[in-house]
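Please load the model in a viewer and keep the selection panel at hand. The tour proceeds from the whole chain to individual side chains.

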Amino acid sequence: MYSSVNTIWVLLGAAMVFFMQAGFAMCEAGFTRSKNTGNILMKNLMDFCIGTPAFWLVGFGIMFGGTGALIGSFDPLVRGDYTAILPAGVPILAFFIFQTVFCATAATIVSGAMAERTKFISYCIYSAVISLVIYPISGHWIWGGGWLAQIGFHDFAGSTAVHMVGGVAACVGAKILGPRIGKYGKDGKPRAILGHNLSIAALGVFILWFCWFGFNGCSTVGMEGDETMLLAGSIFCTTNMAAAVACVTTMVFTWLRYGKPDVSMTFNAALGGLVAITAGCDMVSISGAAAIGICAGIVMPLAIGFFDKVAKIDDPVGAISVHGVCGAMGTILTGFFALNGGLLYGGGTAFLMTQCLGVFFVIAWVVVTMTIVFQVIKHTIGLRASAQEEIEGLDIQEHGLVSAYADFMPATSVNGISGTNGIPAPAGSGAAEMDKAIPVQVVSDAKAEISASDVKLSKVTIICNQARFEELKSAMNDIGVTGMTVTQVLGCGIQKGKTEYYRGVEMSMNLLPKVQVDIVVSKVPVSEVISAAKRALFTGHIGDGKIFIYDVESVVKVRTGEEGYDALQGD
């Protein structure tokens with residue numbers, strides 16, 4: 001007899017956990033550089049598409065078949081009798097797809113830590129091995145009736161079985177692979193390599209947070225009976241609380257440590273809190289979940305700093321810390337905070353020691369097996385992309401994709417936004433303090449002074465703050481300058497910008513968004529252009545900009561063939 005509500009609940013969970021692939025894809029793409037976006041998206045697609053048949057052919061049987069302490073049975077195509085392990089009222093295929101999406105989650109974690117320098121074919125191979133053997137065997141120990149389950153090890157939804165397995169595999173792979181080109185200087189200090197799109201990364205985090213309610217909540221694999229319904233409600237609450245508290249903790253921690261709350265680290269904290277609570281979400285109270293969230297919010301940024309600065313393992317997205325470290329920590333903390341058997345609730349040390357034992361042996365299993373897998377790949381087809389492929393980007397080299405954003409161009413104007421975007425000029429600014437402005441820099445091959453002659457051609461290049469562009473445009477219009485070329489650029493002066501941190505690493509050169517305005521003048525005196533620009537741009541603060549003046553030999557209007565002064569007149 002099948003149960004409608006239990007089957008629907010399991011299938012709902014399968015759908016939500018599957019959608020986590022989209023969250024992982026967005027997170028990894030956003031935290032890496034745009035030249036590798038297509039490659040990252042392709043890897044997140046293929047680990048699920050490769051893992052699905054691999055788990056069907058071999059993995060599911062190894063994980064849930066038989067009653068062996070170390071390994072299940074070889075059951076290609078899932079044709080055996082799994083009555084003993086099936087949830088009440090749930091058909092075998094519903095349970096199979098539910099477990100398939102969990103397997104894919106473990107495999108996809110590895111891609112983030114090894115991003116931007118791993119061969120695509122190599123990724124496909126080791127992803128398949130994870131789904132075929134690595135994940136199913138340790139999963140059998142925990143969920144398939146293996147030896148860890150027999151001694152009382154508890155991992156409700158996969159802090160260890162899924163996330164720590166993926167995180168440890170990622171750590172081994174990233175260590176063998178080596179850091180990205182330019183990640184470390186000659187002095188060994190890490191350099192910040194910024195992700196290209198925090199908006200996409202944030203979307204990925206919110207998708208993952210939403211899907212985690214299915215990851216943890218639907219792991220009850222049923223909704224029949226008052227006790228199960230109460231448990232599901234509790235799991236949803238503990239899952240959410242751990243993530244929220246972890247975010248707040250990391251925000252405060254990075255704020256105190258670096259002077260400003262770190263955006264990317266705080267988003268990572270949400271995932272760290274979710275990973276940490278996954279093992280004991282059914283056993284801890286809401287206050288216990290909050291305590292686990294605090295631990296994750298502190299340990300996760302410290303772990304990122306450790307792997308970046310001490311271990312010298314380059315992890316672009318923080319997957320090792322989020323999934324590996326927080327997965328192990330959350331499993332162990334269950335031994336402290338479990339309402340039934342936890343150390344802090346009078347349960348003694350037996351349960352805690354069991355949790356520690358399980359974490360240790362799963363880590364050992366993954367380290368040994370994945371080291372073998374990665375070394376075999378490295379010494380056969382090769383694990384790492386060539387230096388040229390890495391520099392040019394894996395999108396173009398591996399997939400022939402010029403850009404994942406080929407049809408998008410950055411805006412070159414702030415039309416419609418008047419003034420200084422709501423930022424008032426500092427008190428006391430104006431002509432009276434103009435002598436404090438950065439002096440005009442003249443770049444010229446000629447020794448003669450700049451002339452205001454009607455026939456002399458000069459190019460004025462102005463680098464300025466984006467917020468002052470409208471004032472500059474109005475000032476140029478007032479003095480009769482009608483033609484200009486505007487480009488959005490990134491740059492800084494010799495001060496290298498204000499010292500900032502990205503994921504705990506000091507940025508050696510902080511490139512700030514600027515506007516570059518190029519104007520070629522003949523009729524309007526250059527001195528008048530300079531004066532108008534200085535009046536429009538001056539605030540007295542660092543970053544007001546610079547003005548460069550060049551001699552122009554000639555100008556040719558393509559449509560009419562006119563040259564020199566005449567080419568600048570008319571439309």
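What is the mean pLDDT of the chain, and what percentage of its residues reach 70 or more? The model is a predicted one; its mean pLDDT is 88, and 89% of the residues reach 70 or more.

**The whole chain**

Begin with the entire chain in a cartoon representation, which shows 16 helices and seven strands. Buried residues account for 52% of the 571 residues. Of the contacts with a separation of 6 or more, 78% are between residues 24 or more positions apart. Switching to a surface representation displays about 25000 Å² of exposed area, 64% of which is supplied by carbon and sulfur atoms.

**Segments of low confidence**

Colour by pLDDT and select residues 409–434, where the value stays under 50. The model has 32 contacts beyond four places in sequence for this segment. Next select residues 442–454, where pLDDT also stays under 50; here the model has 18 contacts beyond four places in sequence. Where pLDDT is low, the predicted coordinates should not be read in detail.

**The nonpolar cores**

In soluble globular proteins, nonpolar side chains tend to be buried together. Select Y126, Y135, V366, M370 and F374: within the largest nonpolar core, which has 112 residues, these touch the most other members. Helix α3, residues 92–113, contributes the largest share of this core, with 13 residues.

Now centre the view on Y135 and display its surroundings. Which residues does Y135 touch, not counting those up to four places away in sequence? They are F55, M63, Q99, F102, C103, A106, I130, W143, A161 and V162. A second core, separate from the largest one, has 24 residues; select V486, V517, I519 and I549, which are among its members.

**A nonpolar patch on the surface**

Return to the surface representation and select V248, M251, V252, W255 and L256. Together these residues form a nonpolar surface patch with about 490 Å² of accessible area. V248 belongs to helix α8, which spans residues 226–258. Is V248 buried or partly exposed? Its relative accessible area is 49%, so V248 falls in the partly exposed class, for which the limits are 20% and 50%.

**Salt bridges**

Side chains of opposite charge can pair when their charged atoms come close. A search of the whole structure finds seven salt bridges. Select E116 and R33, whose side chains meet in one of them, with an N to O distance of 3.0 Å. This pair links distant parts of the chain, 83 residues apart: E116 is in the loop between α3 and α4 (120–143), while R33 is in the loop between α1 (4–30) and α2 (37–64). E116 is buried because its relative accessible area is 0%. Extend the selection to R180 and D314, which are linked with R33 and E116 in a network of salt bridges.

Move next to helix α15, residues 469–478, which holds both E470 and K473. The two residues are three places apart, about one turn of the helix, and they form a salt bridge in which the closest N and O atoms are 3.5 Å apart. E470 has 14% relative accessibility and therefore counts as buried, whereas K473 is partly exposed at 27%.

Then select E562 and K557, a salt bridge whose closest N and O atoms are 3.6 Å apart. Here E562 counts as partly exposed, at 31% relative accessibility, and K557 is buried, with a relative accessible area of 12%.

**Two further residues**

Select T482, in the loop between α15 and β3 (485–491). Its relative accessibility is 75%, so T482 counts as exposed. A line drawn from its C-alpha atom to that of V521 is 9.7 Å long, although the two residues are 39 residues apart along the chain.

Finish at N44, which lies in helix α2. Is N44 buried or exposed? At 2% relative accessibility, N44 counts as buried. Displaying its contacts, apart from neighbours within four places in sequence, brings up Q21, F24, A25, E28, T108 and S111. For a last distance, select N44 and I109: they are 65 residues apart in sequence, and their C-alpha atoms are 9.0 Å apart.

Definitions and conventions. Residues numbered from 1 in each chain as written. Predicted model: local features only at pLDDT ≥ 70, side-chain atom pairs only at ≥ 80, totals over all residues. Heavy atoms only, no water. Core = buried A, V, L, I, M, F, W, Y, C linked by side-chain atoms within 4.5 Å. Buried < 20%, exposed > 50% of the residue type's maximum accessible area, 1.4 Å probe, protein only. Helix = DSSP H or I, 4+ residues; strand = E, 2+ residues; numbered from the N terminus. Contact = heavy atoms within 4.5 Å. Patch = residues over 30% accessible without salt bridge, like charges linked within 9 Å, V, L, I, M, F, W, Y side chains within 5 Å. Areas by Shrake-Rupley, 256 points an atom, 1.4 Å probe, with all protein chains shown as cover. Salt bridge = Lys/Arg side-chain N within 4 Å of Asp/Glu carboxyl O. pLDDT = per-residue confidence, 0-100.
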